[in-house]
Amino acid sequence: MENNSGKTALITGASSGIGYELTKLFAKDGHNVVMVAHHDDKLQQAAQQIKTEFPLIRVETVSIDLSKDGSADRLYSIVQDRGIQIEYLVNNAGFGEKGQFLETDLDKEIAMIHLNTITVLTLTKRYLREMINRGSGRILQVSSVAAFLPHPLLAVYAGTKSFVKSFSESLQDEIKEHKNVTITVLCPPPTETNFFEVAHMENSKVVNSPQVQDADEVARGGYDGMMNGDARVLPTLVAKMYAAQGITLPDSINAAIVHSQLEDIKK
Ligand SMILES: NC(=O)c1ccc[n+]([C@@H]2O[C@H](COP(=O)([O-])OP(=O)(O)OC[C@H]3O[C@@H](n4cnc5c(N)ncnc54)[C@H](OP(=O)(O)O)[C@@H]3O)[C@@H](O)[C@H]2O)c1
């Protein structure tokens, strides 16, 4: 595919899973990409695959730990210093960690909160202002169906994803008169990526059930929704069912249902 847009997408968490699939979709449409992730070796491998498959687009990489204080602003400065204007911002990098709150590691949870919320907040602050001043741009915020339901045993993670959804849907209203700048919230259901391994959930029955969706299908829903300026994307029937359950039943009932579904990740 030739470079027909000259526009650039910045994708955090682009080295695997949903972020990698989103990167492919931008590249396929001829957009340049800035791929961001923590581990450089994995990121370079992923970037090489994109360059090989889409030789006419510009592929930049930044390896940075976005769970650290000041890291999102460092990323912003690096991209500015390279003279790259970002038309599409995808706040996708994130991780979860299973466990009972009384036993889980606080430092890890603070790092998770930083990556899943503070980094999203900071990059949105920096790039949304630019987009509004310029009069164009689109942001895709990767939340989760966990934003619709309390998640015992994934309590902090679900809290971060609720933040992303509520924050982003509030901003949608604040910027609604700026017709050419949009914010889309993607709420994936359980999806086949490295997420479960990172969250130490790989042996759970939920993770090994047919409700787990393909990352390319989830990414396609998010990409099309963002390009269309949609407010919210529930990318598959399973995602819509989670959201419907969250909206219909009382939170206490949903918490008990999710708790029983995730019971086997306790240990
Ligand atoms: N998979 C699911 O079931 C599911 C469901 C709902 C929502 N989501 C959300 O989807 C998003 C993408 O996750 P995924 O499922 O595609 O998982 P994944 O395959 O584990 O991908 C996560 C990406 O984020 C990057 N990342 C993780 N920690 C980082 C850090 N500290 N600094 C910079 N980059 C970091 C990873 O790079 P490194 O490997 O270098 O760390 C990787 O590129 C996340 O926000 C997740 O919460 C996933």
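Student: How many nonpolar, polar and charged residues does the shell around the ligand have?

Tutor: This is a predicted model. Sort the shell by class: 14 residues are nonpolar, 14 are polar and three are charged. In total, 31 residues surround the ligand. His39, Lys42, Asn92, Tyr157 and Thr193 are the closest.

Student: Which helices each supply at least two residues of that shell?

Tutor: Look at α1 (17–28), α5 (155–174) and α6 (195–198).

Student: How do I read polar contacts with the ligand?

Tutor: Look for pairs of N or O atoms within 3.5 Å. Start with Ser15: an N or O atom of its side chain is 2.7 Å from a ligand oxygen. Leu66 uses its backbone instead, with a polar atom 2.9 Å from a nitrogen of the ligand. For Ile64, a backbone N or O atom is 3.4 Å from a ligand nitrogen.

Student: How much of the ligand does the protein bury?

Tutor: Taken alone, the ligand exposes 890 Å². The protein buries 94% of that. The ligand takes up the space of the largest pocket.

Student: What about cavities? How many are of 30 Å³ or more?

Tutor: The count is two. The largest holds about 40 Å³ of space. Its lining includes Thr12, Leu66 and Asn92. Helix α4 (residues 106–134) gives the most to this lining, three residues. By class, the lining has four nonpolar, four polar and no charged residues.

Student: And which residues line the second largest cavity?

Tutor: Among them are Thr8, Arg58 and Glu60. This cavity holds about 30 Å³. Strand β2 (residues 32–37) gives the largest share of its lining, three residues. Here the classes are three nonpolar, two polar and two charged.

Definitions and conventions: Residues are numbered from 1 along each chain as its sequence is written. This is a predicted model: local features need pLDDT of at least 70, side-chain atom pairs count only at pLDDT 80 or more; totals for chains, interfaces and linings use all residues. Side-chain values use heavy atoms; hydrogens and water are left out. A residue is near a molecule or strand if one of its heavy atoms lies within 4 Å of it. A polar contact is a pair of N or O atoms within 3.5 Å; within protein, one must be able to donate a hydrogen and the other to accept it, and residues adjacent in sequence count only if both atoms are side-chain atoms. Accessible areas come from the Shrake-Rupley method with a 1.4 Å probe; for residues, only the protein chains shown count as cover. On a 1 Å grid over the protein atoms alone, a cavity is a set of points where a 1.4 Å probe fits but cannot get out, and a pocket is an open set with protein on both sides within 12 Å along at least five of seven lines; lining residues have an atom within 4 Å of a point. A molecule sits in a cavity or pocket if more than half of its atoms lie within 2 Å of its grid points. Helices (H or I, at least four residues) and strands (E, at least two) are DSSP runs, numbered from the N terminus. Ala, Val, Leu, Ile, Met, Phe, Trp, Tyr, Cys and Pro count as nonpolar, Asp, Glu, Lys and Arg as charged, and the others, Gly among them, as polar. Grid points are joined across faces, edges and corners, and a volume is the space filled by probe spheres set on the points.
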